[in-house]
Amino acid sequence: MARVLTVTLNPALDLTVQLPSLRLGEVNRSDSLQVHAAGKGLNVAQVLADLGHQLTVTGFLGEGNPQAFEQLFAARDFADEFVRVPGETRSNIKLAEVGGQVTDINGPGLMVSEAHCAELLARLERLAPVHDLVVVAGSLPRGIASQWFVQLLNTLKALGVRVALDTSGDALREGLSASPWLIKPNEEELGEARGIALSKSSELTAEARRLQAEGIEHVVVSQGADGVSWFSPNAAWHAHPPKVRVVSTVGAGDSLLAGMLHGLLEGWPAERTLAQATAIAAQAVGQVGFGITDTTQLADLEAAVCLQPLSQ
């Protein structure tokens with residue numbers, strides 16, 4: 001299996017509240033509350049660990065409340081290379097309704113200094129060359145400009161490692177200029193970053209091909225309940241997910257990304273890679289938390305994925 005380094009610049013404690021329905025302006029009673037050490041890169045890392053890969057995790061972590069994260073790293077046997085910074089890692093509140101709708105209230109993140117940014121870049125220069133892949137995922141905390149984020153991506157690229165990027169907003173718009181090996185936005189995020197509408201399949205295909213011409217080998221676009229489209233150097237596919245009971249959509253995109261990276265790292269055929277990745281994402285929406293919980297169910301979900309080639 002592969003050695004994978006994940007970079008989570010803006011991790012969070014996810015407080016997932018499950019409730020029958022959210023009534024604004026009223027007293028709401030929850031069915032349960034679960035707290036997870038999270039952040040997109042860490043979510044990806046947990047699924048990749050379940051798939052057998054060796055993980056190193058880095059980014060910025062608050063000195064004030066590291067306990068849940070350090071417990072996760074120990075339980076998952078992650079190599080901890082996070083840069084500690086003053087303050088507390090943010091909390092994100094996820095209000096998950098029975099019907100599957102999730103309302104996010106996300107905190108702003110830590111304030112990161114130039115010195116801490118320099119320390120992280122130094123760690124990446126040491127760590128990246130001994131890993132098979134680097135995953136850079138999630139939003140930017142306070143104190144970090146998108147220009148520095150591009151510097152980080154270019155530093156990794158200059159080290160000769162493959163970089164998978166999953167972010168949004170200014171970070172995605174600027175990050176595309178570094179031509180990472182793989183990107184995984186959703187349809188709305190990609191359209192916003194490129195300043196265009198992607199309401200038609202032909203528009204998405206044309207934009208994906210433009211991105212590939214700019215040096216991005218793999219363009220993976222998640223489309224929620226409509227599935228996922230994958231544009232690789234040799235082919236393009238769309239996967240329709242199986243129908244499942246939705247408990248929470250939190251982490252579904254991260255699970256999809258982990259599944260795609262697993263298939264690519266293993267050298268699987270495109271159809272197998274996309275089918276299993278779609279199944280992993282489908283399993284994720286049926287649970288709270290991250291990781292592969294039932295391999296038998298996963299195999300059944302994979303068998304129910306419908307694949308179709310997209311026109312070139």
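Buried means under 20% relative accessible area, with over 50% called exposed and anything in between partly exposed (1.4 Å probe, protein chains only). This is a predicted model, where local features need pLDDT of at least 70, side-chain atom pairs count only at pLDDT 80 or more, and totals for chains, interfaces and linings use all residues. Residues are numbered from 1 along each chain as its sequence is written, and side-chain values use heavy atoms, leaving out hydrogens and water.

**Exercise 1. Work out which residues of helix α9 are buried, and what they pack against.**

Step 1: find the helix. Helices (H or I, at least four residues) and strands (E, at least two) are DSSP runs, numbered from the N terminus. Helix α9 covers residues 270-284.

Step 2: go through its residues. Thr273, Leu274, Ala275, Gln276, Ala277, Thr278, Ala279, Ile280, Ala281, Ala282, Gln283 and Ala284 are buried. That makes twelve of the 15 residues, so α9 is largely enclosed by the rest of the structure.

Step 3: look for neighbours in contact (heavy atoms within 4.5 Å). The buried residues of α9 pack against several elements, including α1 (40-50), α8 (252-266) and β15 (306-309).

**Exercise 2. Sort the two aromatic pairs into stacked, edge-to-face or tilted.**

Step 1: set the rule. Rings of Phe, Tyr and Trp (its six-membered ring) pair if their centres lie within 6.5 Å; planes under 30 degrees apart count as stacked, over 60 as edge-to-face and the rest as tilted.

Step 2: there are two aromatic pairs to try it on. Phe60 and Trp148 have ring centres 6.5 Å apart and planes at 40 degrees, so this pair is tilted. Phe60 belongs to strand β4 (residues 54-62) and Trp148 to helix α4 (residues 146-158), so the pair ties together parts 88 residues apart in sequence. Both Phe60 and Trp148 are buried.

Step 3: now Phe73 and Phe82. Their ring centres are 5.5 Å apart with planes at 10 degrees, so the pair is stacked. Phe73 is buried at 3% relative accessible area, and Phe82 is buried too, at 2%.

**Exercise 3. Find which residues touch the most other members of the largest nonpolar core.**

Step 1: a nonpolar core is a set of buried Ala, Val, Leu, Ile, Met, Phe, Trp, Tyr and Cys residues joined through side-chain atoms within 4.5 Å.

Step 2: the largest one has 47 residues, and Val4, Phe73, Val135, Leu182 and Leu261 touch the most other members.

Step 3: zoom in on Leu261. Leaving aside residues up to four places away in sequence, Leu261 touches Leu48, Leu133, Val135, Ala164, Trp181 and Leu182.

Terms used:
The expected span of a helix is 1.5 Å times one less than its number of residues.
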